[in-house]
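Got your viewer open and a selection box ready? Let's walk through this one stop by stop.

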Amino acid sequence: MNDKVIILTGGTSGIGRAAALAFARQGDKVLVTGRRPGPLEETVAEHPNIAGLIADAASADDARRTVAKAIEAWGRLDAVINNAGAGAILPLEDATADRIADIFAVNVVGPSLLAAAALPHLRATRGAIVNVSSTYGHKPAAGLSHYAASKAALEHLTRCWALELAPLGVRVNAVAAGPTESGALTGMMGLSDEQAAAVKEQERARIPLGRRGLPDEVAGWIVRLAGPATQWMTGQIMTVDGGLELA
Ligand SMILES: NC(=O)c1ccc[n+]([C@@H]2O[C@H](COP(=O)([O-])OP(=O)(O)OC[C@H]3O[C@@H](n4cnc5c(N)ncnc54)[C@H](OP(=O)(O)O)[C@@H]3O)[C@@H](O)[C@H]2O)c1
(Lines give C-alpha, C1' and ligand atoms only; values in the text may rest on other atoms or scores of the structure.)
Protein backbone atom coordinates (compact mmCIF):
# COMPACT_ATOMS: atom_id res chain seq x y z
CA MET A 1 0.00 0.00 0.00
CA ASN A 2 1.11 3.54 -0.75
CA ASP A 3 0.53 6.38 1.67
CA LYS A 4 1.08 9.41 -0.53
CA VAL A 5 -1.10 12.53 -0.54
CA ILE A 6 -2.29 13.78 -3.91
CA ILE A 7 -4.14 16.94 -5.02
CA LEU A 8 -6.00 16.45 -8.30
CA THR A 9 -7.95 19.25 -9.97
CA GLY A 10 -11.04 18.48 -12.01
CA GLY A 11 -11.89 15.18 -10.36
CA THR A 12 -15.63 15.35 -10.97
CA SER A 13 -15.62 13.41 -14.24
CA GLY A 14 -13.65 11.77 -17.02
CA ILE A 15 -9.88 11.40 -16.78
CA GLY A 16 -9.67 13.15 -13.40
CA ARG A 17 -12.21 10.89 -11.73
CA ALA A 18 -10.49 7.79 -13.16
CA ALA A 19 -7.11 9.01 -11.90
CA ALA A 20 -8.49 9.83 -8.44
CA LEU A 21 -9.86 6.31 -8.16
CA ALA A 22 -6.60 4.76 -9.38
CA PHE A 23 -4.60 6.69 -6.75
CA ALA A 24 -7.13 5.82 -4.04
CA ARG A 25 -7.09 2.12 -4.92
CA GLN A 26 -3.32 1.94 -4.54
CA GLY A 27 -3.63 3.41 -1.05
CA ASP A 28 -2.97 7.09 -1.67
CA LYS A 29 -5.10 9.86 -0.16
CA VAL A 30 -6.57 12.14 -2.84
CA LEU A 31 -8.11 15.58 -2.57
CA VAL A 32 -10.14 16.21 -5.73
CA THR A 33 -11.53 19.57 -6.80
CA GLY A 34 -14.25 20.70 -9.16
CA ARG A 35 -16.98 23.31 -9.37
CA ARG A 36 -20.05 21.02 -9.39
CA PRO A 37 -21.12 19.72 -5.96
CA GLY A 38 -23.17 16.72 -7.18
CA PRO A 39 -20.47 15.13 -9.37
CA LEU A 40 -17.87 15.94 -6.69
CA GLU A 41 -19.88 14.00 -4.12
CA GLU A 42 -20.16 11.09 -6.57
CA THR A 43 -16.37 10.93 -6.92
CA VAL A 44 -15.87 11.12 -3.15
CA ALA A 45 -18.40 8.31 -2.67
CA GLU A 46 -16.34 6.02 -4.92
CA HIS A 47 -13.58 5.42 -2.34
CA PRO A 48 -12.87 6.30 1.30
CA ASN A 49 -9.40 7.61 0.37
CA ILE A 50 -10.96 10.40 -1.71
CA ALA A 51 -11.94 13.79 -0.24
CA GLY A 52 -13.50 16.64 -2.18
CA LEU A 53 -13.33 20.41 -2.25
CA ILE A 54 -15.40 22.79 -4.35
CA ALA A 55 -12.75 24.97 -5.93
CA ASP A 56 -12.24 26.85 -9.17
CA ALA A 57 -8.95 25.94 -10.82
CA ALA A 58 -8.65 29.49 -12.15
CA SER A 59 -8.73 31.12 -8.70
CA ALA A 60 -5.61 32.03 -6.73
CA ASP A 61 -7.56 31.94 -3.46
CA ASP A 62 -8.87 28.48 -4.27
CA ALA A 63 -5.36 27.25 -5.09
CA ARG A 64 -4.20 28.30 -1.62
CA ARG A 65 -7.35 26.86 -0.02
CA THR A 66 -6.86 23.55 -1.83
CA VAL A 67 -3.29 23.12 -0.61
CA ALA A 68 -4.28 24.15 2.92
CA LYS A 69 -7.09 21.58 2.97
CA ALA A 70 -4.78 18.71 1.96
CA ILE A 71 -2.20 19.70 4.56
CA GLU A 72 -4.85 20.10 7.25
CA ALA A 73 -6.32 16.67 6.45
CA TRP A 74 -3.15 14.62 5.99
CA GLY A 75 -0.14 16.74 6.98
CA ARG A 76 1.86 16.32 3.79
CA LEU A 77 1.67 16.61 0.00
CA ASP A 78 3.40 14.31 -2.49
CA ALA A 79 1.91 15.21 -5.87
CA VAL A 80 -0.17 17.82 -7.64
CA ILE A 81 -2.13 16.77 -10.73
CA ASN A 82 -3.21 19.73 -12.87
CA ASN A 83 -6.03 17.97 -14.71
CA ALA A 84 -8.88 20.52 -14.80
CA GLY A 85 -9.19 21.87 -18.31
CA ALA A 86 -11.09 24.49 -20.25
CA GLY A 87 -11.49 24.61 -24.00
CA ALA A 88 -13.64 25.55 -26.91
CA ILE A 89 -13.92 25.00 -30.58
CA LEU A 90 -13.15 28.63 -31.33
CA PRO A 91 -12.43 29.75 -34.88
CA LEU A 92 -10.23 32.84 -34.98
CA GLU A 93 -13.04 35.02 -36.31
CA ASP A 94 -15.08 34.24 -33.15
CA ALA A 95 -12.26 34.82 -30.66
CA THR A 96 -12.86 37.44 -27.98
CA ALA A 97 -10.66 38.60 -25.11
CA ASP A 98 -12.98 36.97 -22.56
CA ARG A 99 -13.12 33.58 -24.27
CA ILE A 100 -9.35 33.46 -24.72
CA ALA A 101 -8.76 34.57 -21.13
CA ASP A 102 -11.18 31.92 -19.78
CA ILE A 103 -9.23 29.13 -21.50
CA PHE A 104 -5.83 30.38 -20.37
CA ALA A 105 -7.09 31.04 -16.82
CA VAL A 106 -7.82 27.35 -16.28
CA ASN A 107 -5.14 25.72 -18.46
CA VAL A 108 -2.14 27.97 -17.78
CA VAL A 109 -2.70 30.41 -14.89
CA GLY A 110 -4.44 27.89 -12.62
CA PRO A 111 -1.78 25.16 -12.82
CA SER A 112 0.88 27.81 -12.16
CA LEU A 113 -0.91 29.13 -9.07
CA LEU A 114 -1.51 25.65 -7.66
CA ALA A 115 2.04 24.51 -8.32
CA ALA A 116 3.37 27.66 -6.64
CA ALA A 117 1.14 27.23 -3.59
CA ALA A 118 2.11 23.56 -3.32
CA LEU A 119 5.84 24.02 -3.81
CA PRO A 120 7.00 24.25 -0.18
CA HIS A 121 5.17 21.00 0.58
CA LEU A 122 6.37 19.21 -2.58
CA ARG A 123 9.89 20.28 -1.74
CA ALA A 124 9.56 18.70 1.70
CA THR A 125 8.51 15.33 0.23
CA ARG A 126 10.60 15.52 -2.99
CA GLY A 127 7.25 15.22 -4.73
CA ALA A 128 5.94 15.52 -8.28
CA ILE A 129 3.75 17.64 -10.52
CA VAL A 130 1.82 16.06 -13.40
CA ASN A 131 0.16 18.38 -15.92
CA VAL A 132 -2.57 17.09 -18.22
CA SER A 133 -2.07 18.31 -21.76
CA SER A 134 -3.41 17.20 -25.12
CA THR A 135 -2.06 15.88 -28.40
CA TYR A 136 -3.09 19.33 -29.66
CA GLY A 137 -0.56 20.87 -27.28
CA HIS A 138 2.04 19.89 -29.89
CA LYS A 139 -0.01 19.16 -33.02
CA PRO A 140 -1.82 21.99 -34.80
CA ALA A 141 -5.59 21.83 -35.22
CA ALA A 142 -7.87 24.23 -37.10
CA GLY A 143 -10.57 25.79 -34.94
CA LEU A 144 -8.82 24.80 -31.71
CA SER A 145 -6.01 27.35 -31.72
CA HIS A 146 -6.48 28.86 -28.26
CA TYR A 147 -7.10 25.53 -26.53
CA ALA A 148 -4.08 24.08 -28.37
CA ALA A 149 -1.89 27.10 -27.57
CA SER A 150 -2.86 26.93 -23.90
CA LYS A 151 -1.82 23.27 -23.78
CA ALA A 152 1.41 24.12 -25.65
CA ALA A 153 2.07 26.66 -22.90
CA LEU A 154 1.37 24.02 -20.26
CA GLU A 155 3.83 21.66 -21.96
CA HIS A 156 6.52 24.33 -21.96
CA LEU A 157 5.80 25.22 -18.34
CA THR A 158 6.34 21.52 -17.65
CA ARG A 159 9.83 21.62 -19.17
CA CYS A 160 10.80 24.92 -17.53
CA TRP A 161 9.55 23.88 -14.09
CA ALA A 162 11.33 20.54 -14.47
CA LEU A 163 14.65 22.38 -14.83
CA GLU A 164 13.85 24.92 -12.12
CA LEU A 165 12.66 22.40 -9.56
CA ALA A 166 15.07 19.53 -10.22
CA PRO A 167 17.58 20.91 -7.67
CA LEU A 168 14.77 20.70 -5.09
CA GLY A 169 14.08 17.07 -5.97
CA VAL A 170 10.65 17.90 -7.43
CA ARG A 171 9.85 16.21 -10.76
CA VAL A 172 7.49 17.72 -13.35
CA ASN A 173 6.02 15.76 -16.26
CA ALA A 174 2.90 15.88 -18.41
CA VAL A 175 0.49 13.43 -19.98
CA ALA A 176 -0.79 14.57 -23.37
CA ALA A 177 -4.07 12.78 -23.94
CA GLY A 178 -5.66 12.11 -27.27
CA PRO A 179 -9.44 12.01 -27.82
CA THR A 180 -10.78 10.22 -24.75
CA GLU A 181 -14.30 9.19 -23.73
CA SER A 182 -15.28 11.78 -21.11
CA GLY A 183 -17.59 14.71 -20.60
CA ALA A 184 -15.22 17.01 -22.49
CA LEU A 185 -16.98 17.44 -25.84
CA THR A 186 -20.42 18.29 -24.43
CA GLY A 187 -18.94 19.89 -21.29
CA MET A 188 -15.89 22.07 -21.73
CA MET A 189 -16.06 22.17 -25.54
CA GLY A 190 -19.76 23.14 -25.38
CA LEU A 191 -21.01 20.86 -28.21
CA SER A 192 -24.52 19.47 -28.58
CA ASP A 193 -24.93 15.67 -28.44
CA GLU A 194 -25.22 15.55 -32.25
CA GLN A 195 -22.12 17.68 -32.78
CA ALA A 196 -20.20 15.59 -30.23
CA ALA A 197 -21.19 12.37 -32.01
CA ALA A 198 -19.95 13.75 -35.33
CA VAL A 199 -16.63 14.90 -33.82
CA LYS A 200 -16.15 11.50 -32.15
CA GLU A 201 -16.58 9.73 -35.47
CA GLN A 202 -14.11 12.10 -37.21
CA GLU A 203 -11.57 11.56 -34.42
CA ARG A 204 -11.98 7.79 -34.45
CA ALA A 205 -11.33 7.74 -38.19
CA ARG A 206 -8.07 9.71 -37.76
CA ILE A 207 -6.61 7.72 -34.85
CA PRO A 208 -4.17 5.06 -36.14
CA LEU A 209 -5.28 2.54 -33.49
CA GLY A 210 -8.86 3.03 -34.68
CA ARG A 211 -10.63 4.17 -31.51
CA ARG A 212 -10.88 6.89 -28.88
CA GLY A 213 -9.23 6.28 -25.53
CA LEU A 214 -10.75 5.36 -22.18
CA PRO A 215 -10.19 7.52 -19.08
CA ASP A 216 -8.39 4.63 -17.32
CA GLU A 217 -5.89 4.39 -20.17
CA VAL A 218 -4.82 8.00 -19.59
CA ALA A 219 -5.19 7.86 -15.80
CA GLY A 220 -2.70 5.00 -15.53
CA TRP A 221 0.04 7.26 -16.92
CA ILE A 222 -0.88 10.13 -14.60
CA VAL A 223 -0.47 7.76 -11.65
CA ARG A 224 2.84 6.40 -12.98
CA LEU A 225 4.32 9.87 -13.54
CA ALA A 226 3.39 10.86 -9.98
CA GLY A 227 5.03 7.84 -8.40
CA PRO A 228 8.32 6.04 -7.78
CA ALA A 229 8.32 4.09 -11.09
CA THR A 230 9.35 7.30 -12.90
CA GLN A 231 11.74 8.66 -10.29
CA TRP A 232 14.48 9.40 -12.87
CA MET A 233 12.17 11.15 -15.32
CA THR A 234 11.42 14.84 -15.48
CA GLY A 235 10.40 17.43 -18.07
CA GLN A 236 8.77 14.86 -20.34
CA ILE A 237 5.48 14.97 -22.23
CA MET A 238 4.02 11.47 -22.41
CA THR A 239 1.56 11.30 -25.30
CA VAL A 240 -1.19 8.71 -24.87
CA ASP A 241 -3.37 9.00 -27.95
CA GLY A 242 -3.58 5.85 -30.05
CA GLY A 243 -0.93 7.31 -32.37
CA LEU A 244 -2.88 10.45 -33.32
CA GLU A 245 0.17 12.72 -32.98
CA LEU A 246 1.84 10.79 -35.81
CA ALA A 247 -1.08 10.92 -38.21
N1 LIG B 1 -11.25 13.97 -23.28
C2 LIG B 1 -10.39 14.29 -24.20
O3 LIG B 1 -10.59 13.97 -25.38
C4 LIG B 1 -9.12 15.04 -23.84
C5 LIG B 1 -8.09 15.08 -24.78
C6 LIG B 1 -6.93 15.75 -24.47
C7 LIG B 1 -6.77 16.36 -23.24
N8 LIG B 1 -7.78 16.32 -22.35
C9 LIG B 1 -7.57 17.00 -21.07
O10 LIG B 1 -7.86 16.14 -20.00
C11 LIG B 1 -8.27 16.91 -18.87
C12 LIG B 1 -9.53 16.31 -18.30
O13 LIG B 1 -10.56 16.39 -19.23
P14 LIG B 1 -11.67 15.26 -19.44
O15 LIG B 1 -11.55 14.77 -20.80
O16 LIG B 1 -11.66 14.29 -18.32
O17 LIG B 1 -12.98 16.20 -19.45
P18 LIG B 1 -14.23 16.30 -18.47
O19 LIG B 1 -14.83 14.94 -18.26
O20 LIG B 1 -15.08 17.37 -19.04
O21 LIG B 1 -13.58 16.77 -17.10
C22 LIG B 1 -13.07 18.07 -16.94
C23 LIG B 1 -12.84 18.28 -15.46
O24 LIG B 1 -12.27 19.57 -15.28
C25 LIG B 1 -13.00 20.23 -14.28
N26 LIG B 1 -12.94 21.67 -14.46
C27 LIG B 1 -13.13 22.39 -15.58
N28 LIG B 1 -12.99 23.71 -15.33
C29 LIG B 1 -12.70 23.80 -14.02
C30 LIG B 1 -12.43 24.88 -13.14
N31 LIG B 1 -12.45 26.15 -13.57
N32 LIG B 1 -12.17 24.60 -11.85
C33 LIG B 1 -12.16 23.34 -11.39
N34 LIG B 1 -12.39 22.27 -12.17
C35 LIG B 1 -12.66 22.51 -13.46
C36 LIG B 1 -14.42 19.70 -14.39
O37 LIG B 1 -15.08 19.85 -13.14
P38 LIG B 1 -16.32 20.84 -12.89
O39 LIG B 1 -17.07 20.96 -14.16
O40 LIG B 1 -17.07 20.17 -11.79
O41 LIG B 1 -15.69 22.11 -12.45
C42 LIG B 1 -14.14 18.23 -14.68
O43 LIG B 1 -13.90 17.52 -13.49
C44 LIG B 1 -8.41 18.35 -19.37
O45 LIG B 1 -7.27 19.10 -19.01
C46 LIG B 1 -8.49 18.19 -20.87
O47 LIG B 1 -8.03 19.35 -21.56
C48 LIG B 1 -8.95 15.67 -22.62
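Start with helix H6, residues 193-206: it gives the largest pocket the largest share of its lining, 4 residues. Keep in mind as you click around that this is a predicted model.

Now add the other elements that supply at least two residues each to that lining: helix H1 (14-25), E2, H4, E5 and helix H5 (145-165). The space they help to line comes to about 1200 Å³. To find the middle of the pocket, select Tyr-147, Ala-184, Leu-185, Met-188 and Met-189, the closest to its centre among 49 lining residues. Colour the lining by class and you get 21 nonpolar, 20 polar and 8 charged residues.

Next, jump to the second largest pocket, with a volume of about 410 Å³. Here the residues to pick are Arg-126, Gly-127, Arg-171, Ala-226 and Gln-231, which sit closest to the centre out of 26 in the lining. By class, this lining splits into 11 nonpolar, 8 polar and 7 charged residues.

Time for the sheet. Hide everything but the strands, and you have an open sheet of 7, in the order E3-E2-E1-E4-E5-E6-E7, paired in parallel. At the edges are strand E3 (50-54) and strand E7 (237-240), each with pairing on one side only. Step from one strand to the next and the twist averages 20°.

Zoom in on strand E5 (residues 128-134) and strand E6 (residues 171-177): these two run parallel and are joined by 7 bridges. For one of the pairs, select Ser-134 and look across to Ala-177, its bridge partner in E6.

Bring the helices back, beginning with H3 (residues 60-74). H3 lies across strand E1 (5-8), strand E2 (29-34) and E3, and runs at about 155° to E2. Then show H4 (residues 97-125), which lies across E1, strand E4 (79-82) and E5, at about 175° to E4.

Stay on H4 for the last stop, Val-106, which is located in this helix. Is Val-106 buried or exposed? It counts as buried, because its relative accessibility is 15% and the cut-off for buried is under 20%. To see what is around it, select Ala-57, Ala-58, Ala-84, Gly-85, Ala-86 and Pro-111: these are the contacts of Val-106 once neighbours within four places in sequence are left aside. Finally, draw a C-alpha to C-alpha distance from Val-106 to Gly-87: the two are 19 residues apart in sequence and 9.0 Å apart in space.

Note on methods. Residues are numbered from 1 along each chain as its sequence is written. This is a predicted model: local features need pLDDT of at least 70, side-chain atom pairs count only at pLDDT 80 or more; totals for chains, interfaces and linings use all residues. Side-chain values use heavy atoms; hydrogens and water are left out. Two strands pair if DSSP finds at least two bridges between them. Axes are lines fitted to C-alpha atoms, for helices over the stretch in contact, and angles run from 0 to 180 degrees between N-to-C directions. Contact means heavy atoms within 4.5 Å. Buried means under 20% relative accessible area, exposed over 50%, partly exposed in between (1.4 Å probe, protein chains only). On a 1 Å grid over the protein atoms alone, a cavity is a set of points where a 1.4 Å probe fits but cannot get out, and a pocket is an open set with protein on both sides within 12 Å along at least five of seven lines; lining residues have an atom within 4 Å of a point. Grid points are joined across faces, edges and corners, and a volume is the space filled by probe spheres set on the points. Ala, Val, Leu, Ile, Met, Phe, Trp, Tyr, Cys and Pro count as nonpolar, Asp, Glu, Lys and Arg as charged, and the others, Gly among them, as polar.
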